[in-house]
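Q: Please pick one part of this structure and look at it closely with me. I am new to this, and I would like each term explained as it comes up.

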Amino acid sequence: VQLQASGGGVVQAGGSLRLSCALSGNTRSLNAWSWHRQAPGKQRELVALVTNTGSSNYADTVKGRFTISRGAYRNSVDLQMTSLKPEDRADYYCEADWALGVSLHGRYWGKGTLVTVSS
């Protein structure tokens, strides 16, 4: 499975951006999709996650501002970001978890897309 993220760019504080991640390949074993971000000098952190049952979780720092959504055919996951703040500046990565049975599992990562928020 390959993931291709897009939608990053420069936006003013308070603005919005929508990140998209297109997945290709055999997505049948995927059970969760997520977005992570990594700011300069900081560790990568989970921003938002959605499972194959539709439940979602968000980092406290983005709750109420970001919304994750998964495509109906498991081949896309978007992140709608609103009320952006300068501290949201980071490289954003999409990721998908896969599982086969109870003992085989792993993760697929896409390349990052840069989000810059100007104050």
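A: Let's begin with the vocabulary: helices (H or I, at least four residues) and strands (E, at least two) are DSSP runs, numbered from the N terminus. The model is predicted, with local features needing pLDDT of at least 70 and side-chain atom pairs counting only at pLDDT 80 or more, while totals for chains, interfaces and linings use all residues. Residues are numbered from 1 along each chain as its sequence is written, and side-chain values use heavy atoms, leaving out hydrogens and water.

Our part is one sheet and its surroundings. Four strands make up an open, antiparallel sheet, and their order is β1-β3-β8-β7. Strands count as paired if DSSP finds at least two bridges between them. At the edges lie β1 (2-6) and β7 (66-70), each of which pairs on one side only.

Walk across the sheet from β1. This strand runs antiparallel to β3, joined to it by five bridges, and one position to find on your screen is Ser6, opposite Ser20 of β3. Next, β3 (residues 17-24) pairs with β8 (residues 76-81), again in the antiparallel sense, over six bridges. Here Arg18 has Gln80 of β8 as its bridge partner.

Now look at the faces of β1. In a regular strand the side chains alternate between the two faces of the sheet. On β1, Leu3 and Ala5 belong to the covered face, whereas Gln2, Gln4 and Ser6 belong to the uncovered one.

Strand β3 also carries one end of a covalent link. Cys21 and Cys94 form a disulfide (a pair of cysteine sulfur atoms within 2.5 Å), with their sulfurs 2.1 Å apart. Cys21 sits in β3 and Cys94 in β9, 73 residues away, which makes this a link between distant parts of the chain. The S-S torsion is about 60°, so this disulfide is right-handed. Both Cys21 and Cys94 are buried; buried means under 20% relative accessible area, exposed over 50%, and partly exposed in between, using a 1.4 Å probe and protein chains only.

What surrounds these strands? The largest nonpolar core (buried Ala, Val, Leu, Ile, Met, Phe, Trp, Tyr and Cys residues joined through side-chain atoms within 4.5 Å) has 29 residues. Among its members with the most contacts inside it are Leu23, Phe66, Val77, Leu79 and Tyr92. The four strands of our sheet each give two or more residues to this core, as do β4 (30-38), β5 (45-51), β9 (90-100) and β11 (113-118). The largest share, five residues, comes from β9.

Tyr92 is a good residue to click on. Leaving aside residues up to four places away in sequence, Tyr92 touches, among others, Leu19, Trp35, Phe66, Leu79 and Met81; a contact here means heavy atoms within 4.5 Å. Tyr92 also stands opposite Thr113 in β11, where β9 and β11 pair in the antiparallel sense over three bridges. Along β11, Thr113, Val115 and Val117 point to one face and are buried, while Leu114, Thr116 and Ser118 point to the other and are not.

Finally, visit the loops next to the sheet. Arg65 lies in the loop between β6 (56-58) and β7, and with a relative accessibility of 10% this arginine counts as buried. Its neighbours in contact, beyond four places in sequence, include Gln80, Met81, Thr82 and Ser83. The Arg65 side chain reaches the backbone oxygen of Ser83 at 2.9 Å, a polar contact (N or O atoms within 3.5 Å; within protein, one able to donate a hydrogen and the other to accept it, with residues adjacent in sequence counting only if both atoms are side-chain atoms).

Ser83 itself is in the loop between β8 and β9 and is partly exposed, at 39% relative accessibility. Most residues other than glycine have a negative phi. Ser83, though, has a positive phi, near 50°. Arg74 likewise has a positive phi, of about 65°, although it is not a glycine. You will find Arg74 in the loop between β7 and β8, partly exposed with a relative accessible area of 25%.
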